[in-house]
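Reader: I would be grateful for a close look at the aromatic rings of this protein, with enough of the surroundings to place them. Please proceed step by step, as I am in my first year of study.

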Amino acid sequence: MKIFVINLERSTARRERMTQALTEAELDFEIFPAVDGSKDFEELSHYNDRKRRFLRIRPLTKGEIAAFASHYRLWQKCVNMGEPIIIFEDDAVLTPNFHEAIQTAKNNIAQYGCLRFYGHRGGKHRTVSTLDNNFRIDFSRKGVLGSVAYMLSPSAASKLLAHSDEWIFGQDVYMNLSYLHKVGCFVLKPYSIDHSWEDTTIHGRSGYKKSIFSKLVKELHVASIRIRSRLFEYSIQKKLHF
């Protein structure tokens, strides 16, 4: 199965580290050129700045939109290839059990559509399935922090694309909105990928004042997301019997 590593052309140190790690692990991979937020790119037209500011106060940076565009292009590639792929961000760190995790994910991707190899997040994950090889698959209603590494099927990629004509969230947040695109946030545990915790390549995400009205709008919107996420969780529980 092909691994695509999202990497900015100027981020040579990250590219060299990932190339060495994946080569030593004897994995089939390709460096996928990340969309550069310092330049113009066609996917900018997806971003609705007015709606974003109304619902979330802080606008998305061009770096965040570019990060969304990078994943978006790989979702398109997955559909065009007609087979599952693995998507890495270039700050992923392989753990010793990654080879086994890939095989386990392969065996289950048709059922779950998207499986995260990494997903630290506060809040309880519910176990959906305990597998024979010491792995298990958990479901996260709130989603996970970041999208460092995940396996994606063409059908799940199609669902993500179908509901992403308008961008008002960052890509990682969008992927967590399972109630919207119907791609559940399933996590393969124990985690087989860690995070390098290097400095982010996305900047400019702070320093915006919040009025009482804007805070109220945001809280109401967050509450609506929680309700819809809970309803989606119930539907998944009913379907998968966990």
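**The aromatic rings and their setting**

Author: Of the 242 residues in the protein chain, 51% count as buried. The model is a predicted one, and every value below is computed from it.

It is helpful to begin with the chain as a whole. Its secondary structure consists of eight helices and 10 strands. Along the principal axes, the C-alpha atoms fill a box of roughly 50 × 45 × 30 Å. A compact globule of 242 residues would have a radius of gyration near 18 Å, and the protein chain, at 18 Å, agrees with that expectation. Contacts also reach far along the sequence: among those between residues at least 6 apart, 79% join residues at least 24 apart. The accessible surface comes to about 12300 Å², and 51% of this area belongs to carbon and sulfur atoms. As for charge, there are 36 positive and 27 negative side chains, and the centres of the two sets lie 11 Å apart.

We may now turn to the rings. The chain holds 15 aromatic pairs. One of them is formed by Phe-88 and Phe-98, whose rings are tilted at 55° between the planes, with 5.6 Å from centre to centre. This pair links distant parts of the chain, since Phe-88 belongs to strand E3 (residues 85-89) and Phe-98 to helix H4 (residues 98-112), 10 residues apart. Buried means under 20% relative accessible area. Phe-88, at 0%, is therefore buried, and Phe-98, at 2%, is buried as well.

A second pair is made by Phe-139 and Phe-242. Its rings are also tilted, with 50° between the planes and 6.1 Å between the centres. Phe-139 lies in strand E7 (residues 136-139) and Phe-242 in the segment after helix H8 (212-240), so the pair ties together parts of the chain that are 103 residues apart in sequence. Phe-139 has a relative accessible area of 1% and is buried. Phe-242 has 19%, and because the cut-off is under 20%, Phe-242 also counts as buried.

Aromatic rings are found in a group as well: Phe-68, Tyr-72, Trp-75, Trp-167 and Tyr-174 form one aromatic cluster.

The segment that carries Phe-242 has another feature. His-241 is found in the segment after H8, and its phi is positive, about 60°, although the residue is not a glycine. At 70% relative accessibility, His-241 counts as exposed, whereas Phe-242 is buried.

A similar backbone feature appears at Ile-57, which has a positive phi near 70° and is not a glycine. Ile-57 is placed in the loop between helix H2 (49-56) and helix H3 (62-81). With 11% relative accessibility, Ile-57 counts as buried. Such features are worth noting because most residues other than glycine have a negative phi, and most peptide bonds are trans. The second part of that rule concerns the peptide bond between Lys-189 and Pro-190, which is cis, with omega about 0°. Pro-190 is found in the loop between strand E9 (186-189) and strand E10 (193-195).

To return to the request, the two pairs described here are tilted, Phe-88 with Phe-98 and Phe-139 with Phe-242.

Notes. Residues are numbered from 1 along each chain as its sequence is written. This is a predicted model: local features need pLDDT of at least 70, side-chain atom pairs count only at pLDDT 80 or more; totals for chains, interfaces and linings use all residues. Side-chain values use heavy atoms; hydrogens and water are left out. Helices (H or I, at least four residues) and strands (E, at least two) are DSSP runs, numbered from the N terminus. The radius of gyration is taken over C-alpha atoms; the globule rule is 2.2 Å times the number of residues to the power 0.38. Buried means under 20% relative accessible area, exposed over 50%, partly exposed in between (1.4 Å probe, protein chains only). Contact means heavy atoms within 4.5 Å. Accessible areas come from the Shrake-Rupley method with a 1.4 Å probe; for residues, only the protein chains shown count as cover. Lys and Arg count as positive and Asp and Glu as negative; His and the chain ends are not counted. The place of a charge is taken as NZ of Lys, CZ of Arg, CG of Asp or CD of Glu. Rings of Phe, Tyr and Trp (its six-membered ring) pair if their centres lie within 6.5 Å; planes under 30 degrees apart count as stacked, over 60 as edge-to-face and the rest as tilted.
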